[in-house]
Amino acid sequence: MQHEAHTEHVHHPAHHAGHAGPAGWRTAVQATLHCLTGCAIGEVLGMVVGTALGWGNLATTLLAIVLAFFFGYSLTLRGILRAGVGFRTAFRVALAADTLSIAVMELIDNGVIAVWPSAMDAMLGDALFWISLAVSLVIAFAVTTPVNKWMIGRGKGHAVVHRYHH
């Protein structure tokens, strides 16, 4: 049986002082870049696999979303586990920290692709595929950053993850 390390945390106000005010934006940007990395890996991999298998737009998009969540959670989980936290606690922290962020990013990212003329029909070799994906991720980043800042300001989202980093 694996020991659940670091399940209790003593709050140190000075440790979290950088999350308030203007520095809160820096933390929110870092959290959103982290989320964007996982989402982008999942999105691209899902689209490549779905396209290679000849799947339709819906199946490919669903695979990309599932993989975006998987890689988003995995990146957070990796960092928490490195801090010596047991898997069960780390998994709960990753879910709490990333679910809203990834959901917003995926909603915006896939929404932009869905309304972009011909983007859903673009193939991997088409410039439109990569341009629309890049633009959709930038827009998703811009929308998700204030969401993350709001969550961090309330001690939620990536503020939870930072409790486990020393």
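A residue counts as buried when its relative accessible area is under 20%. By this criterion, 40% of the 166 residues of the protein shown here, a predicted model, are buried.

**View 1. Overall fold of the predicted model, built from six helices and zero strands.** Read along the sequence, the elements follow the pattern α-α-α-α-α-α. Among contacts between residues at least 6 apart in sequence, 72% join residues at least 24 apart. The accessible surface of the protein comes to about 8,900 Å². Carbon and sulfur atoms account for 70% of this surface.

**View 2. The largest nonpolar core, a set of 15 residues.** The members that touch the most other members are Cys35, Cys39, Met47, Ile102, Met105, Phe129 and Leu133. At least two residues of this core come from each of α2 (23-52), α3, α4 and α5 (127-153).

**View 3. Surroundings of Leu133, a member of the largest nonpolar core.** When residues up to four places away in sequence are not counted, Leu133 touches Glu43, Val44 and Met47, together with Asp109 and Ile113. Among these neighbours, Met47 is itself listed with the core members that touch the most others.

**View 4. A second nonpolar core, separate from the largest one.** This core consists of five residues. Leu77, Ile80, Val85 and Val93 are among them.

**View 5. A nonpolar patch on the surface, formed by Leu81, Phe87, Phe91 and Leu95.** Together, these four residues have about 320 Å² of accessible area. Helix α4 (residues 87-115) gives the most to the patch, with three residues. Leu81 lies in helix α3 (residues 57-82). The relative accessible area of Leu81 is 33%, and the residue is therefore classed as partly exposed. Because patches are made of residues with over 30% relative accessible area, Leu81 at 33% passes this cut-off.

**View 6. Backbone conformation at Ser118, in the loop between α4 and α5.** Ser118 has a positive phi of about 70 degrees, although it is not a glycine. Most residues other than glycine have a negative phi. The relative accessible area of Ser118 is 48%, so this residue is partly exposed. The limit for an exposed residue is over 50%.

Note on methods
Residues are numbered from 1 along each chain as its sequence is written. This is a predicted model: local features need pLDDT of at least 70, side-chain atom pairs count only at pLDDT 80 or more; totals for chains, interfaces and linings use all residues. Side-chain values use heavy atoms; hydrogens and water are left out. Patches are made of residues with over 30% relative accessible area and no salt bridge: like charges are joined within 9 Å, nonpolar side chains (Val, Leu, Ile, Met, Phe, Trp, Tyr) within 5 Å. Accessible areas come from the Shrake-Rupley method with a 1.4 Å probe; for residues, only the protein chains shown count as cover. A salt bridge is a side-chain nitrogen of Lys or Arg within 4 Å of a carboxyl oxygen of Asp or Glu. Helices (H or I, at least four residues) and strands (E, at least two) are DSSP runs, numbered from the N terminus. Buried means under 20% relative accessible area, exposed over 50%, partly exposed in between (1.4 Å probe, protein chains only). A nonpolar core is a set of buried Ala, Val, Leu, Ile, Met, Phe, Trp, Tyr and Cys residues joined through side-chain atoms within 4.5 Å. Contact means heavy atoms within 4.5 Å.
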